[in-house]
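Q: Can you walk me through this one? I'm new to reading structures, so keep the answers short.

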Amino acid sequence: MYELLRKKISETIPLSDDEFEFCKTLFIPKKLRKRQYLLQEGDVDRYTGFVEKGLLRTYAVDSKGTEHILQFAFEGWWVADLASFLRAEPSMLNIEAMEECELLLITKQSWELLLQKIPAFEKFFRILTQNNLIVTQKRLIGNMSETAEEKYLNFMKDHPGCMQRVPQRMIASYLGITKETLSRIRSQIAEKSKK
Amino acid sequence: MATKKTIAVITSSPAKASAIADAFLHEKCNLLLLANETDGYDKVSAAIKKKSRSCKTEVHHCMKDGCWEADAIIMDVGREDEEDVASLIKEVATQKVVINITHDCDDKKLQQLLPYSRVTTLSEIPSSFKDIIGDD
């Protein structure tokens with residue numbers, strides 16, 4: 001249940017067996033069924049979640065009722081609405097399981113205890129936040145400057161194996177294009193690869 | 001919108017499950033009725049479905065999976081089975097609220113068996129579990 005968490009932490013910071021045993025006592029094991037919510041708009045996000053198994057999506061809904069997908073969270077990824085989690089304010093986001101999921105959740109209180117007891121986690125979460133910032137910045141620049149085809153190709157590069165697990169309409173929503181445009185791009189790419 | 005809470009209910013009889021489920025009739029939640037022998041529990045689940053629109057129930061024989069899915073766990077199994085149930089659910093009950101219904105209110109045994117869970121002991125079934133489990 002905790003193998004992937006340990007692997008991911010160990011990629012960034014060294015952790016003794018005792019430290020990891022303590023770490024395990026702070027995480028809440030949680031299973032979600034497909035389409036079950038981890039967080040719904042208007043609620044305060046009480047947890048940061050680590051995905052041991054499954055796939056989730058984070059999305060916002062605009063005033064017209066259109067969904068905008070911000071993130072897909074695969075195995076080994078962390079998922080939360082950080083603003084809501086850190087500031088204890090109502091979330092503007094929804095986090096929904098797209099498959100059956102196994103998660104490890106940590107509350108802010110436990111998270112702070114973890115940082116206090118094992119200071120190396122300060123580095124771990126700093127690097128995690130840095131990486132998140134870099135990805136967000138790249139995505140913002142991409143949204144402003146890339147063509148729809150470039151966005152799609154970059155998405156496929158950054159999310160290998162995604163096509164088998166994520167419906168096209170959701171990929172289109174993530175890229176900020178219509179599903180018709182995505183379909184056209186995919187046809188064009190297929191044509192090019194035949195030549 | 002509030003995310004629906006999932007509550008695992010482990011009891012030694014369908015009658016006990018029914019009594020606990022009654023406290024959730026007006027709650028928006030998923031109740032997982034867990035027992036090794038599930039005979040009689042389907043009737044409890046069907047009765048809850050008739051009485052409540054907001055509370056959804058399901059019957060499962062796998063306690064570990066049910067508690068893994070749950071946000072909180074309610075146990076009413078009798079002292080002789082406590083240890084067996086605790087060993088089954090220990091791994092998936094970390095940091096979760098576990099409510100133990102027993103006549104021995106000073107009982108600290110379950111907290112020792114589930115050291116990383118937040119065990120609350122009650123001598124009887126309350127009219128609502130909201131204050132203990134929380135409604136956020």
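Q: How many of the 26 residues of α5(A) are buried?
A: The count is 2, so to speak hardly any cover for α5(A). A residue is buried if 20 or more other C-beta atoms lie within 10 Å of its own, exposed if 12 or fewer, and partly exposed in between, with C-beta atoms placed from the backbone. This is a predicted model: local features need pLDDT of at least 70, side-chain atom pairs count only at pLDDT 80 or more, and totals for chains, interfaces and linings use all residues. Residues are numbered from 1 along each chain as its sequence is written, with chains lettered from A and ligands numbered from 1 in the order in which they are written.

Q: Where is α5 in chain A, and what does it reach from first C-alpha to last?
A: Helix α5 covers residues 120–145 of chain A and reaches 38 Å. That is close to the 38 Å expected at 1.5 Å a residue. The expected span is 1.5 Å times one less than the number of residues. Helices (H or I, at least four residues) and strands (E, at least two) are DSSP runs, numbered from the N terminus.

Q: Now the sheet. What is the strand order in chain A?
A: The open sheet of 4 strands goes β2-β7-β4-β5, with antiparallel pairing. Two strands pair if DSSP finds at least two bridges between them.

Q: Which strands stand at the edges?
A: β2 and β5 (67–73) of chain A. Each has a single partner strand, so one side of each is left without a neighbour in the sheet.

Q: How many bridges join β2(A) to β7?
A: There are 2, and β7 spans residues 94–97 of chain A. A:Tyr37 has A:Glu96 in β7(A) as its bridge partner.

Q: Switching topic: how many residues does each chain bring to the contact?
A: Chain A brings 15 residues and chain B brings 12 residues. Two residues are in contact if their C-beta atoms, placed from the backbone, lie within 7 Å.

Q: Which strand gives the most on the chain A side?
A: β1(A), with 3 residues.

Q: And chain B itself, how many helices and strands?
A: Chain B has 6 helices and 6 strands. They run β-α-β-α-β-α-β-α-β-α-β-α from the N terminus on.

Q: How much of chain B is buried?
A: Buried residues make up 40% of its 136 residues. The C-alpha atoms of chain B fill a box of roughly 40 × 35 × 25 Å, taken along the principal axes.
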